[in-house]
Amino acid sequence: SDSEESDSSGYECLYRVILLGDHGVGKSSLASIFAGIQEKDAHNCIGEDMYERTLTVDGEETTLIVMDTWEAEKQEEDEKWVQDYCMQVGNAYVIVYSITDRSSFESASELRIQLRRIRQAENIPIILVGNKSDLVRCREVAVEEGRACAVVFDCKFIETSASLNHNVQELFEGIVRQIRLRRDSKET
Ligand code: GDP
Ligand code: MG
């Protein structure tokens, strides 16, 4: 068992997940559900806008560090630095738009293109998220459009409602499964 422990396997199960998307689409709301901020005994905050939590998915534990740092800096110079950094360090990305805001959907496409350019050679897990699915009367982006966009961009897709806590757990479990698929295909 000594040899099993020597391969730094503790680190292999820790992954940085970066939330991307326009202001107001619901990134912080999704992050706080992940962190369990509404649960009274939650201590998953590991720094400003960073949350760590271990999820058990399909009987296996994986720790995600969710970073809601995309909009952290108000000064334009700093923001550019932070955003470049975000594009470099993620092990997985959640690109969020609001189904009630078409321009946020267009921004999501731009972010996907940017990410592809910066991380060219890598096959990083990306999930496109249409949030605010509860606001049916204000919908500007159809489910089919989101799904089609994900096909074009070769990523996963899910619609969520942070307000109703609908599909949020499924979103983070989906990321864990995507990460494992890539890990397992590397091993063989
Ligand atoms: P961020 O700027 O991307 O971090 O977005 P926030 O999480 O701060 O959310 C922006 C606003 O949208 C807030 O007023 C949230 O309460 C609201 N919001 C976030 N998610 C949802 C959702 O799923 N449904 C509805 N109806 N409102 C949401
Ligand atoms: Mg925010």
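In this predicted model, helix 6, which spans residues 143–152, offers a good place to begin, with Gly146, Cys149 and Ala150 as buried residues. Viewed down the axis of helix 6, the buried residues fall within an arc of 100 degrees, so they line one face of the helix. On the other side of helix 6, the exposed residues are Glu144, Val151 and Val152. The buried residues of helix 6 pack against four elements of the fold: strand 5 (92–98), helix 5 (102–118), strand 6 (126–131) and strand 7 (156–159). Just past the end of helix 6 comes Asp154, whose phi is positive, at about 55 degrees.

Attention now turns to the ligand. Around ligand 1 there are 16 residues, of which Gly24, Lys27, Ser29, Asp134 and Ala162 come nearest. Helix 3 (residues 27–35) provides the largest share of this shell, with three residues. Sorted by class, the shell around ligand 1 holds eight polar, five charged and three nonpolar residues.

Several polar contacts can be picked out by residue. A polar backbone atom of Gly24 sits 2.7 Å from an oxygen atom of ligand 1, and an N or O atom in the side chain of Glu71 is 3.4 Å from an oxygen atom of ligand 1. For Asn131, a polar side-chain atom is found 3.1 Å from a nitrogen atom of the ligand. Taken alone, ligand 1 exposes 570 Å², and the protein buries 70% of that area.

Definitions and conventions
Residues are numbered from 1 along each chain as its sequence is written. Chains are lettered from A and ligands numbered from 1 in the order in which they are written. This is a predicted model: local features need pLDDT of at least 70, side-chain atom pairs count only at pLDDT 80 or more; totals for chains, interfaces and linings use all residues. Side-chain values use heavy atoms; hydrogens and water are left out. A residue is near a molecule or strand if one of its heavy atoms lies within 4 Å of it. A polar contact is a pair of N or O atoms within 3.5 Å; within protein, one must be able to donate a hydrogen and the other to accept it, and residues adjacent in sequence count only if both atoms are side-chain atoms. Accessible areas come from the Shrake-Rupley method with a 1.4 Å probe; for residues, only the protein chains shown count as cover. Helices (H or I, at least four residues) and strands (E, at least two) are DSSP runs, numbered from the N terminus. Ala, Val, Leu, Ile, Met, Phe, Trp, Tyr, Cys and Pro count as nonpolar, Asp, Glu, Lys and Arg as charged, and the others, Gly among them, as polar. Buried means under 20% relative accessible area, exposed over 50%, partly exposed in between (1.4 Å probe, protein chains only). The arc is that of the directions from the helix axis to the C-beta atoms. Contact means heavy atoms within 4.5 Å.
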